[in-house]
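Colleague: I have a few quick questions about this model before I set anything up. Can we go through the sheets and then some side chains?
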Amino acid sequence: DPESFILLEKGYAKDKNSVFYRTEIIKGADPESFILLEKGYAKDKNSFFYNNHIIPDIPVEWLEIDEKWNLKNKSHVFLNRTWMDGIPRFKKVLFWDPESFSYFDGTDESYLHTKDKNNVYFDGEVIKGSDPISFIVLDYYYWLDKNNAYYKWKKLENSHISWFHFI
């Protein structure tokens with residue numbers, strides 16, 4: 001409807017009948033309650049959106065969007081695994097403590113290396129037996145804590161942490 005058309009930001013627009021992302025109508029979006037969030041996210045009274053896609057199984061109540069584009073609420077972390085095709089893919093992680101959730105900075109893929117007060121994770125999977133307080137990422141695949149050395153997400157058997165050092 002040209003008379004009610006409003007240009008929003010980041011490629012979004014709406015009129016009294018529809019919500020648009022670039023040149024496409026976002027099917028199922030409610031123009032009356034549709035609001036923009038940050039980093040390409042939006043929501044309405046029924047759904048959560050990333051660009052022109054409805055994201056299934058993401059609650060529309062309050063969510064925090066963090067610096068790695070992941071989503072958190074009071075009980076869950078939703079890892080954003082959207083790739084170059086722009087189709088949203090999220091991994092819901094049930095066992096994290098969202099209050100203490102953080103990233104290991106300084107790694108190329110730091111969004112994959114995370115921790116909370118209870119565990120260390122690689123891409124949402126628990127690294128069994130790891131200590132979140134002493135855990136460090138040496139590089140993408142090698143990690144240490146006070147007790148063990150790890151390759152990817154598995155403990156290196158028959159290894160000792162003193163064998164590892166920065167070069």
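Modeller: Two terms come before the sheets: strands are DSSP runs of E with at least two residues, numbered from the N terminus, as are helices (H or I, at least four residues), and two strands pair if DSSP finds at least two bridges between them. The model is a predicted one, in which local features need pLDDT of at least 70 and side-chain atom pairs count only at pLDDT 80 or more, whereas totals for chains, interfaces and linings use all residues. Residues are numbered from 1 along each chain as its sequence is written, and side-chain values use heavy atoms, with hydrogens and water left out.

Colleague: Fine. In what order do strands 13, 14, 15 and 16 sit in their sheet?
Modeller: The order is 13-14-15-16 in an open sheet with antiparallel pairing, and its edges are strand 13 (102-103) and strand 16 (125-126), each of which pairs on one side only.

Colleague: And how many bridges join strand 14 to strand 15?
Modeller: Three bridges join strand 14 (residues 113-115) to the antiparallel strand 15 (residues 120-122), and His113 has Phe122 as its bridge partner there.

Colleague: What about strands 9 to 12, which strands stand at the edges?
Modeller: Those four strands make an open sheet in the order 9-10-11-12, again with antiparallel pairing. Strand 9 (64-65) and strand 12 (90-93) are at the edges, and because each has a single partner strand, one side of each is left without a neighbour in the sheet.

Colleague: Walk me across that one. Which residue is the bridge partner of Glu64?
Modeller: Glu64 is partnered by Lys72 in strand 10, and two bridges join strand 9 to strand 10 (residues 71-72), the two running antiparallel. Strand 10 then forms a hairpin with strand 11, with four residues between them; two bridges join this antiparallel pair, and Leu71 stands opposite Phe78. Four bridges join strand 11 to strand 12, where Asn80 stands opposite Phe90.

Colleague: Which way do the side chains of strand 11 point?
Modeller: Val77 and Leu79 point one way from strand 11 (residues 77-80), while Phe78 and Asn80 point the other way, and all are buried. Buried here means under 20% relative accessible area, with exposed being over 50% and partly exposed in between (1.4 Å probe, protein chains only).

Colleague: Switching topic: where is Asp145, and what does its side chain contact?
Modeller: Asp145 is in the loop between strand 18 and strand 19 (149-151), and its side chain makes a polar contact of 2.9 Å with the side chain of Tyr150. A polar contact is a pair of N or O atoms within 3.5 Å; within protein, one must be able to donate a hydrogen and the other to accept it, and residues adjacent in sequence count only if both atoms are side-chain atoms. A polar atom of the Asp145 side chain also lies 2.8 Å from the backbone nitrogen of Asn147.

Colleague: Last one: where is Ala29, and is that residue buried or exposed?
Modeller: Ala29 is in the loop between strand 4 (24-25) and strand 5 (35-36), and Ala29 counts as buried because its relative accessible area is 11%. The C-alpha atoms of Ala29 and Ala42 are 9.9 Å apart, with the two residues separated by 13 residues along the chain.
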